[in-house]
Amino acid sequence: GDGERGCRVEDDEIKGAADQAIGVFTDLGDEWGLARSWSLLASMHFNAGRAEAARKADENAASHARAAGDTAAETWILVHAVRAAVHGPMKVEEGLALCGDVRDRVQGQPGYEAAVSHHAALLEAMRGASEVARSAIARAESIWRELGSTFSLTLLTIDAAGVEALAGDMDVAERELRSGHEAFRKMGAKG
């Protein structure tokens, strides 16, 4: 339909602009500009359901952020690479190794620690480690509750439901999803 064609056109425009920016920033030797351009591509790929392409673009973005000396941007991008690894074709063991690497880098940054724990939970559930996965969800929930991050807590319900579904507890999975749906509704989400 028209919406599908519109998304593809928008993706093509974003990719074209990002590719052009990458060329310009490469010529200028602008590492920060390259990091931002690759990050834009990663977001576009992830939002279009191309998680592996997003992860690869995030890795490029992180490399350029590191070269630019922007550790804050590098950390943010690496957390996004973890998210893409969870939702893409990466093997569970490789995804958990990436989570471990990123977790080591984000020590002392609670929001990022919670995000990595959140994403690692799904990987743990995928390999059948239900209790480890539940513990990771509980850790992320505790941190985000302490930080007052209502939106992150609400997003967490989706993956908490996934953890419970993978563990075979569909009743708890349903409760998590209903809780998240209600929280999103209170935030004004429709649909």
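The following exchange concerns how residues of this predicted model are classified.

Reader: Why is Glu74 called buried or exposed, as the case may be?

Author: The relative accessibility of Glu74 is 6%. Buried means under 20%, so Glu74 counts as buried. This residue has its place in helix α4.

Reader: Which residues does Glu74 contact, leaving aside neighbours within four places in sequence?

Author: Glu74 is in contact with Ala62, Ala65, Arg66 and Arg105. What makes each of these a contact is the presence of heavy atoms within 4.5 Å.

Reader: Why is Arg66 assigned to its accessibility class?

Author: Arg66 has a relative accessible area of 42%. Buried means under 20% and exposed means over 50%, with partly exposed in between; therefore Arg66 is partly exposed. Arg66 lies in helix α3, which spans residues 51-67. Not counting residues up to four places away in sequence, Arg66 touches Glu74 and Arg105.

Reader: How far apart are the C-alpha atoms of Arg66 and Trp32?

Author: Their separation is 8.8 Å, while the two residues stand 34 residues apart along the chain.

Reader: What makes Phe151 eligible for a surface patch as regards accessibility?

Author: Phe151 has 47% relative accessibility. Patch residues need over 30%, so the value of 47% for Phe151 meets that cut-off. With exposed set at over 50%, Phe151 counts as partly exposed. Phe151 lies in helix α8.

Reader: Which residues make the nonpolar surface patch, and which helix gives the largest share?

Author: The patch, of about 440 Å², is made by Phe151, Leu155, Ile158, Leu177 and Met187. Helix α8, residues 150-167, contributes the largest share, 3 residues.

Reader: Which members of the largest nonpolar core touch the most other members?

Author: The core has 35 residues, and Val102, Trp144 and Val163 touch the most other members. At least two residues of this core come from each of α3, α4 (71-87), α5 (92-105), α6 (110-126), α7 (130-147) and α8. The largest share, 8 residues, is supplied by α6.

Reader: What does Trp144 touch beyond four places in sequence?

Author: Trp144 touches Gly111, Ala114, Ala115, His118, Ser149, Ser152, Leu153 and Leu156. Apart from the largest core lies another, of 7 residues, including Leu34, Leu41, Met44 and Ala57.

Reader: How do you know that Leu34 is buried?

Author: Leu34 is among the members of the core of 7 residues. A nonpolar core is a set of buried residues, so Leu34 is buried.

Terms used:
Residues numbered from 1 in each chain as written. Predicted model: local features only at pLDDT ≥ 70, side-chain atom pairs only at ≥ 80, totals over all residues. Heavy atoms only, no water. Patch = residues over 30% accessible without salt bridge, like charges linked within 9 Å, V, L, I, M, F, W, Y side chains within 5 Å. Areas by Shrake-Rupley, 256 points an atom, 1.4 Å probe, with all protein chains shown as cover. Salt bridge = Lys/Arg side-chain N within 4 Å of Asp/Glu carboxyl O. Helix = DSSP H or I, 4+ residues; strand = E, 2+ residues; numbered from the N terminus. Buried < 20%, exposed > 50% of the residue type's maximum accessible area, 1.4 Å probe, protein only. Core = buried A, V, L, I, M, F, W, Y, C linked by side-chain atoms within 4.5 Å.
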